[in-house]
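Me: I'm new to this one and keep tripping over the vocabulary. Can we go through it together, checking each label against its definition?

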Amino acid sequence: MVEFISTHLGTFVFLMHVYVFILAIFVGFELITKVPPTLHTPLMSGSNAISGITIVGALLSAGLKEFTISTIFGLVAVIFAMINVVGGFLVTDRMLKMFKKK
Amino acid sequence: MFIAIELTYLISSILFIFGIKFLGSPKTARKGNLYAAIGMFLAIAATLLDQNVLTFEWIIIGIIIGSLIGTILAVKVPMTGMPQMVGMLNGFGGGASALVALAEYYKINPNYPVEKGLPFILPIDQGAAIILSLLIGGVTFTGSMIAFGKLQGLVTGKVVKYPLQHPLNLLLLLGVLAGGVYVVLNPSATNIVLLITFVSLLLGVLLVLPIGGADMPVAISLLNSYSGIAGSTTGFVLGNNELIIAGALVGASGIILTLIMCRGMNRSLMNVVLGGWASAGSGGAASESTAVKGDVKAIDSEELAMLLDSVGSVVIVPGYGMAVAQAQHAVRDLVNLLEKKGVKVRFAIHPVAGRMPGHMNVLLAEAQVSYDKLYAMEDINDDFPSTDVVIVIGANDVVNPAARHDQNSPIFGMPILNVDYAKTVIINKRSLNVGYAGIENELFFYPNSLMYFGDAKDAITKLTNELKNL
C-alpha cells in the first residue's frame, strides 16, 4: 500500500487539486447567484482583486536565490498582480462607500 | 513552517469565501471587500515565509511599483470610467498568470541555470497547466487591453470584421493546443512555448476586437471569468490549493454575470463572442424594413416642467447616454426637486444598461441616489401601466417595443422595460439616431411618446431650472 501510494503520489495530489477546483466552483456559484444586480460592478471589481492571488506564484519566482530569466518574469508578474490586487480592492471600497440608503 | 504556511493559505481562502458572501448585500459589502483584502495580505505574508523565497530586493521593488500604480489608478478613475478600469485590472491578473507560468517553465528547464544538471522532466499535469495558463492568461491580458481601449475610445467601439475571422481564430486555438501537446511530450521545446505565448496574446486581440461597444458587459464579465480561471490553472502549475480555490470562485462569478448579461440581451454566449449584433439579424437591411413611419412629437424644457409639475409618479430609465454625458448628478438634482414636490420617483435599470454589469447603479450611487430607489427590470416592469411619466435618459434598444412583437427585428425576444405602457414617455436623446442594434426605435413614434432633445446633462439641468421657476 505504501509503495502504491508513493509511486502514484503525483496522481493523488493532482486528483486532490481537481477535487478542490470543482468544489470551489460549486461554492462560487452558490455565493454569486444571490448577489443583487445593484452590486454587480463592485462584485466584479472585488472578485477581480481576488484573482490577483497569482501574486503567490509571482513572489515565488521573483524571490529566487539566483537571478535568472524566471526572476524577470516573476518581477513583472509581481507588478501586474499588485496593480490588480491594490487597484481592485481600493476601487471596490471607493464604490461601496457610495452605496447608501437614505 | 510548511504547515503554518499551508494553514495561513487555508484561512486566507476562507476569508475570500466570506468576502464574496458579504459582497452580496449592500449592508455588508464593504466588510466583505475588507475580508478579501485581509485574505490577500495573509496569502502574501505566508508566501514570503516560503523556503524558496530567498531574495527580497526584486519582490520589494515589484510590490512598491505595483501598489503605487494600483493606488493611483484606483484613486483617479472617475466613476464613469469604471468599466475600462475593471477591464484593465482583469488584464493585469491574466497577464500575471501567464508570466508566472513562463517563470515556472524556465525554473524547471535545465537549459536555464536554476536546477543545473537535471534532466528536463515535466509531469503531464504540470505541463498541461503551464500551457493552459499561457493560453488563458495571454488571451485575458491582450483581450482586456483591447476591451479597455474600446471603452476608453482608443480603439473603435464598433463591430470590427476581418476576413476568415472564425476559421482563423479556430485554427490559432487548435494550433496552441497542438503545440501544448508537443511541449508536454518534448519539454525542452522552448521555442514552441514562446510561440504558444505569442499566439495566445494574438488570439486575445482577435477575439475581442470584433465585439461591439454595447456588448462590452458580456465581454468584461467573460474576461473577468477568464482571469479567475487563469489563476486556477496557475494553482495547478504551482500545486497550490489557495490559487485553485480563489481562481475558481472568480471564474464562477464571472460566468454567472456573463450568463445574466446574455439573458438580458436574449442572445447566446456564442453569438456575442462571435461578434456583433448586426450579424445576428440581417444588419443594415433590417433597419430599413422595420423603419416606422409617423410623426415624432418634441417637447421643450418649459412644457416638460409644467407636465412634471402635476404628476404623481415618475420612473427614470437611465442608459449609456447618461454615463457619456456624466449626467448622474443633474439627474439626482431633478429627482430631489420632484420628490420635494411630492412626486414618487423610481429608477428602472435594465440588466445590460451601460457598459458593464451594474454600471448605472454605481453612477447613481456616486450621485448619492439611495439604492432602494433603483429597481431591477423584473421588479418594476409590471408598474409601468400605473406610472404617469417615464423619462428615458440615453437608453434606446432596451426600451424598444419591437422586441416584444416584431419577429423580424434583430432584437426580437430581448427582455425590455415596458415603458410604452406608461401614460407618457419622455425620451431624452441627442438625436433620432439608431441605437447600438442599428434599428429604429418605434417607441419614438408612439402617440404617448414625447422627444426631449439635447445632451443629457444640459437637458436635465435646464429642466430642473425650469421646474424650480414654476
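Me: Which residue of strand 2 of chain B stands opposite B:I316?
Reply: Opposite B:I316 you'll find B:F347, in strand 2 of chain B. Before we go on: this is a predicted model, where local features need pLDDT of at least 70, side-chain atom pairs count only at pLDDT 80 or more, and totals for chains, interfaces and linings use all residues. Residues are numbered from 1 along each chain as its sequence is written, while chains are lettered from A and ligands numbered from 1 in the order in which they are written.

Me: What makes strand 1 and strand 2 of chain B a pair?
Reply: Strands are DSSP runs of E with at least two residues, helices are runs of H or I with at least four, and both are numbered from the N terminus. Two strands pair if DSSP finds at least two bridges between them. Strand 1 and strand 2 of chain B have four, in the parallel sense, so they pair. Strand 1 also pairs with strand 4 of chain B, over five parallel bridges; there, B:V314 has B:V389 as its bridge partner.

Me: And how are the strands of the sheet ordered?
Reply: The sheet is open and has six strands in the order 3-2-1-4-5-6, paired in parallel, in chain B.

Me: Why are strand 3 and strand 6 of chain B said to stand at the edges?
Reply: Each has a single partner strand, so one side of each has no neighbour in the sheet. For strand 6 (449–453), strand 5 (424–429) pairs with it over five parallel bridges, with B:K429 opposite B:F453. Helix 14 (328–340) of chain B packs on the sheet, touching strands 1, 2 and 4 of chain B, and its direction makes about 145° with that of strand 2. Such angles run from 0 to 180 degrees between N-to-C directions, with axes fitted as lines to C-alpha atoms (for helices, over the stretch in contact).

Me: How do you know that helix 3 of chain A is mostly covered?
Reply: A residue is buried if 20 or more other C-beta atoms lie within 10 Å of its own, exposed if 12 or fewer, and partly exposed in between, with C-beta atoms placed from the backbone. In helix 3 (40–50) of chain A, 11 of its 11 residues are buried, among them A:H40, A:P42 and A:I50. Strand 1 of chain B is mostly covered too, with five of its six residues buried. In chain B, 53% of the 470 residues count as buried.

Me: Why is B:I11 called partly exposed?
Reply: B:I11 has 15 C-beta neighbours inside 10 Å, a number between the two cut-offs, so it is partly exposed. B:I11 is part of helix 1 of chain B. Its C-alpha atom and that of B:E242 are separated by 9.4 Å, although the two are 231 residues apart along the chain.

Me: What makes B:Q326 and B:Q368 partly exposed?
Reply: B:Q326 has 17 other C-beta atoms within 10 Å, and B:Q368 has 13. Both numbers lie between the cut-offs, so both residues are partly exposed. B:Q326 lies in the loop between helix 13 and helix 14 of chain B and has a positive phi of about 55° without being a glycine. B:Q368 lies in the loop between helix 15 and strand 3 of chain B, with phi near 60°.

Me: What is in the largest nonpolar core?
Reply: A nonpolar core is a set of buried Ala, Val, Leu, Ile, Met, Phe, Trp, Tyr and Cys residues joined through C-beta atoms within 7 Å. The largest one here has 186 residues, and A:A77, A:V78, B:L249, B:V317 and B:V392 have the most contacts inside it. Helix 5 (69–98) of chain A gives the largest share, 17 residues.

Me: How many residues does each chain bring to the contact between A and B?
Reply: Chain B brings 99 residues and chain A brings 79. Residues are in contact if their C-beta atoms, placed from the backbone, lie within 7 Å. On chain B's side, helix 4 gives the most, with 16 residues. Leaving out residues up to four places away in sequence, A:A77 touches residues including B:A96, B:L99 and B:V100.

Terms used
Two residues are in contact if their C-beta atoms, placed from the backbone, lie within 7 Å.
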